[in-house]
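Biologist: Please take a close look at one part of this model, namely the strands and their pairing. Kindly begin with how far the model may be trusted, and then set that part in its surroundings.

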Amino acid sequence: MAEFLNVALTFPTLPYSIVLAFAMVYWLLAACGVVDDGIGGDGMDLHVGDDGLHGISGMFSRLGLGGAPVMLVIALLAFFGWTATYFVHLFLLQPLPDAMRWLAGSATALLALVPAVPITVVLLRPIRRLLLRLRPVPQTSLLGRVGVVASPQVTAQTGYATVDDGGAGLILQVRLREDGAALPRGERVVLLDYLPEHNHYLVAREHGHPALSFQDSLLAGDKEIH
């Protein structure tokens, strides 16, 4: 264990260890509903500057890494880069003098991305197909429908809700229309508007919009009759 930590926490493995640890924390927070994971969206759901975001996405697209959440791509690249760097560091670089180890380590850290990119491209192919199946299809007919909060809470920045579509049901990204008290899991909400540029719906608490709920019930009953 001591040797593992020594290699993982020293150059050239250390930079990949930091990125990999950051990615793991990010996905842990995403699993808890604290941050958006980008699944069901356009793979770009990161709260960074637009210019930087489009730059990263454009670079990944040119490498064949587009069509998946940016943090997923970064996590896969970091994992394969870390694996290659770790074993080269363990078996080849440790015996070298410090100056030579830093020089060879820098080259190793950069060259580790060479095999990491094509391996990640191959792994992303089935993941992209899965994400396309999970991605909700925007439909204006969903406006006015009632859903149930599925994430720990819904705020103006994050949240998910389930909507009964008469089949297996839909899981939609939703946001409060206005900043205010967060809606907890299990709260019934009304879909008020759809923002295609962000791939999420604006919602409000159901009892705050009884007319929309009543209209949705009438429409559903009308469909059953016809």
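Modeller: This is a predicted model, and its mean pLDDT is 80, with 77% of the residues reaching 70 or more. Two stretches call for caution. Residues 41-53 have a pLDDT below 50, and beyond near neighbours in sequence this stretch has 22 contacts in the model. Over residues 210-226 the pLDDT also stays under 50, and here the model has 10 contacts beyond four places in sequence. Where pLDDT is low, the predicted coordinates should not be read in detail.

The strands are best placed by the order of elements along the chain. The protein has seven helices and seven strands. Along the sequence they follow the pattern α-α-α-α-α-α-β-β-β-β-β-β-β-α, with six helices ahead of the strands and one helix after them.

I begin with strand β7, which covers residues 200-205. Five of its six residues are buried, so the rest of the structure largely encloses this strand. Two partners of β7 can be described, β4 and β6.

The first partner is β4, residues 170-176, which runs parallel to β7 and is joined to it by three bridges. Two residue pairs locate this contact in the sequence: Arg175 has Leu202 of β7 as its bridge partner, and Val174 stands opposite Tyr201 in β7. Strand β4 is itself mostly covered, since five of its seven residues are buried.

The second partner is β6, residues 188-195, which pairs with β7 in the antiparallel sense over six bridges. Within this pairing, Val190 has Ala204 of β7 as its bridge partner. Strands β6 and β7 form a hairpin with four residues between them. In the turn of this hairpin, Asn199 has a positive phi of about 55°.

From β4 one may continue to β3, residues 160-163, which pairs with β4 in the antiparallel sense over four bridges. Here the bridge partner of Thr162 is Ile171 in β4. These two strands also form a hairpin, with six residues between them, and Gly166 takes a positive phi near 85°. The order that can be traced from these pairings is therefore β3 beside β4, β4 beside β7 and β7 beside β6.

The surroundings include several helices that can be described in similar detail. Helix α2, residues 13-31, has 19 residues and reaches 27 Å from its first C-alpha to its last, close to the 27 Å expected at 1.5 Å a residue. Its buried residues are Thr13, Tyr16, Ser17, Leu20, Ala23, Tyr26 and Ala30. Just after α2, Gly33 takes a positive phi of about 80°.

Helix α5, residues 98-111, has 14 residues and spans 20 Å between its first and last C-alpha, close to the 20 Å expected at 1.5 Å a residue. Arg101, Gly105, Thr108 and Ala109 are its buried residues. Seen down the axis of α5, these buried residues fall within an arc of 95°, so they line one face of the helix. Ala99, Leu103, Leu110 and Leu111, on the other side of α5, are exposed.

One residue of that buried face may serve as an example. Thr108 lies in α5 and has a relative accessibility of 14%, which is why it counts as buried, the cut-off being under 20%. Residues up to four places away in sequence apart, Thr108 touches Thr85, Val88 and Leu93.

A further buried position is found in a loop. Gly66 sits between α3 (50-62) and α4 (70-93), and its relative accessible area of 19% makes it buried as well. Leaving aside neighbours within four places in sequence, Gly66 is in contact with Phe60, Ser61 and Arg128. Gly66 and Arg128 are 62 residues apart along the chain, and their C-alpha atoms are separated by 9.0 Å.

The totals for the protein complete the setting. Of its 226 residues, 40% are buried. Among contacts with a separation of 6 or more, 61% link residues 24 or more positions apart. The accessible surface comes to about 13,000 Å², and 67% of this belongs to carbon and sulfur atoms.

Definitions and conventions. Residues numbered from 1 in each chain as written. Predicted model: local features only at pLDDT ≥ 70, side-chain atom pairs only at ≥ 80, totals over all residues. Heavy atoms only, no water. Buried < 20%, exposed > 50% of the residue type's maximum accessible area, 1.4 Å probe, protein only. Contact = heavy atoms within 4.5 Å. Areas by Shrake-Rupley, 256 points an atom, 1.4 Å probe, with all protein chains shown as cover. pLDDT = per-residue confidence, 0-100. Expected span 1.5 Å × (residues − 1). Arc of directions from axis to C-beta. Pairing = 2+ DSSP bridges.
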